[in-house]
Amino acid sequence: MGEEGTEGTVHLLCLAASSGVPLFCRSSRDGAPARQQLPFSVIGSLNGVHMFGQNLDVQLSSARTKDTTVVWKSFHDSITLIVLSSEEGTSELRLERLLQMVFGAMASYRLIDSFLGDSELIGDLTQCVDCVVPPEGSLLQEALSGFADAAGTAFISLVVSGRVVAATESWWRLGTPEAVLLPWLLGSLPPQAARDYPVYLPHGSPTVPHRLLTLTLLPGLELCLLCGPRPPLSELDPQLLERWWQPLLDPLRACLPLGSRALPAGFPLHTDILGLLLLHLELKRCLFTVEPSGDKEPSPEQRRRLLRSFYTLVTATHFPPEPGQQEEKVEDAAHQAQVPRACYLVSGTEEPGTGWRLVALQLGPRRLLLLLSAQSPTHGLRGLATHTLHALTPLL
């Protein structure tokens, strides 16, 4: 498994499907926005080879050169998105899902640029909502429901650092990619005390904008309301906020460290665990953290890259297709009956005590990926993953 790194360049191209006219180009280098643009001749060649294939009823979806991966995708016979990545270990799956998220974020360059950079979130890849588990979730949920009635909108959530802490049932019923894009948008915007932000919902309302109202309860913790013309932002006065949220100041403060940790303080995890990704494939929610044993190698950035790369590996080659994804991996019923439920990857065995262990386990709608230290014995990986999944199941 090649480690998915940020050293390299990513170019994103958007063109009119019928004419090939470039609509916009975005780039990043080493995980940060860049002004470097591809020559028009290269853009024309990339679009031309794709259109040539279409004229022959051949669908060109991806290609690889010695140091670059290219993925094409057309949407509604209207636009064509092309992404080129020279980042080491980049997979077609990651770039395909990047293009799907970019199409849903077409109205915001800031949001598009955040997908091209290095993020602490993983919803762009998993297409599940990044969540955290607050220590007093029932109190926050009750306050959200009451505040929703008082504010006159059913779509409300609490978001910390781009991750959903709690949300109303109506908010959770938002489809993909809206449910992933809205918290991600908040994480990409500069801090503000309040916002009244127009948003288009790719599936729910692609032509008529809704309003995303945000109110900062504590630095890094925002209350988000998705609504129509009402209520005006002026009606969400400080008295209304104090009535519902002042009594919960301590539970709200307890949410602030969850932005990177995801799990409540003191949650029992095995000391060999360096990072984890838990997905609920039916609810389309996930928990992602690289905070356990933070004083050990590798660094948090490398842990994120390892787990992202391992996710693309097991999703593309081992586990059954996720709900809503095309079942291209399953060729026949016999193969479908034999798909694995667990797999692992060991690195650094030549030098004892170095490298890492990666294990993935799927039980029902839940899939767990663990990054473990080299001290974790190979024969115990599945048992450790099973025990951890059972411990995490009540949380998601």
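These legends accompany several close-up views of a predicted model.

**View 1. Six strands line up in an open, antiparallel sheet.**
Welcome to the sheet, whose strand order is β3-β2-β1-β6-β5-β4. Which strands stand at its edges? They are β3 (32-34) and β4 (62-64), and since each has a single partner strand, one side of each is left without a neighbour in the sheet. Neighbouring strands here are turned by 20° against each other on average, with direction ignored. Within the sheet, strand β1 (residues 9-16) and strand β6 (residues 79-85) run antiparallel and are joined by seven bridges. To pick out one of these pairings, look for Leu 15, whose bridge partner in β6 is Thr 80.

**View 2. Helices α1 and α2 pack on the sheet strands.**
Helix α1, spanning residues 40-55, lies across β1, β2, β5 (69-75) and β6. The direction of α1 is at about 60° to β5. Helix α2, spanning residues 92-104, packs on the sheet and touches β1, β4, β5 and β6. Relative to β5, the direction of α2 makes an angle of about 35°.

**View 3. Phe 24 and Tyr 109 meet edge-to-face.**
The structure holds four aromatic pairs, and this view shows one of them. The rings of Phe 24 and Tyr 109 are 5.4 Å apart centre to centre, with 75° between their planes. Phe 24 belongs to strand β2 (residues 22-29) and Tyr 109 to helix α3 (residues 109-116), so this pair ties together parts that are 85 residues apart in sequence. Are the two partners buried or exposed? Phe 24 is buried, at 9% relative accessibility, whereas Tyr 109 is partly exposed, at 40%. Tyr 109 has a further partner to look for: the charged end of Arg 26 sits over the Tyr 109 ring, 4.4 Å from its centre.

**View 4. A tilted ring pair links helices α3 and α7.**
The ring centres of Phe 115 and Trp 184 are 5.1 Å apart and their planes are at 45°, so the pair counts as tilted. Because Phe 115 lies in helix α3 and Trp 184 in helix α7, the contact ties together parts that are 69 residues apart in sequence. Both partners are covered: Phe 115 is buried at 1% relative accessibility, and Trp 184 is buried at 4%. How many of the eleven residues of helix α7 (residues 178-188) are buried? Ten of them are, so the helix is mostly covered. Among the buried residues of α7 are Glu 178, Val 180, Pro 183 and Ser 188.

**View 5. The charged end of Arg 285 sits over the ring of Trp 172.**
The distance to follow here is the one from the charged end of Arg 285 to the centre of the Trp 172 ring, which is 3.7 Å.

**View 6. Strand β12 is buried along all seven of its residues.**
Strand β12 covers residues 221-227, and both of its faces are covered. On one side, Leu 221, Leu 223, Leu 225 and Cys 227 are buried. On the other, Glu 222, Cys 224 and Leu 226 are buried too. In a regular strand, side chains alternate between the two faces of the sheet. Strand β8 (residues 155-160) runs antiparallel to β12 and is joined to it by six bridges, with Ile 156 partnering Leu 225. Strand β11 (residues 205-218) also runs antiparallel to β12, through seven bridges, and Arg 211 has Cys 227 as its bridge partner. β11 and β12 form a hairpin with two residues between them. In that turn, Gly 220 has a positive phi of about 95°.

**View 7. Cysteines without disulfides.**
A search of the whole structure finds zero disulfides. Why is Cys 128 not bonded to Cys 286? The sulfur of Cys 286 is the closest cysteine sulfur to that of Cys 128, but at 5.5 Å it is too far for a bond. For Cys 255, the nearest cysteine sulfur is that of Cys 131, 13 Å away. Cys 128 is buried, at 0% relative accessibility, and Cys 255 is buried, at 0%.

**View 8. Thr 378 sits in the loop between β17 and α13.**
The loop runs between β17 (366-373) and α13 (381-392). Thr 378 is partly exposed, with a relative accessible area of 33%. Leaving aside residues up to four places away in sequence, Thr 378 touches Tyr 344, Val 346 and Arg 357. The C-alpha atoms of Thr 378 and Leu 345 are separated by 9.2 Å, and these residues are 33 residues apart along the chain.

Key. Residues numbered from 1 in each chain as written. Predicted model: local features only at pLDDT ≥ 70, side-chain atom pairs only at ≥ 80, totals over all residues. Heavy atoms only, no water. Buried < 20%, exposed > 50% of the residue type's maximum accessible area, 1.4 Å probe, protein only. Helix = DSSP H or I, 4+ residues; strand = E, 2+ residues; numbered from the N terminus. Disulfide = S-S within 2.5 Å. Phe/Tyr/Trp six-rings, centres within 6.5 Å; stacked < 30°, edge-to-face > 60°. Lys NZ or Arg CZ within 6 Å of the ring centre and 35° of its normal. Pairing = 2+ DSSP bridges. Axes fitted to C-alpha atoms, helices over the stretch in contact; angles between N-to-C directions. Contact = heavy atoms within 4.5 Å.
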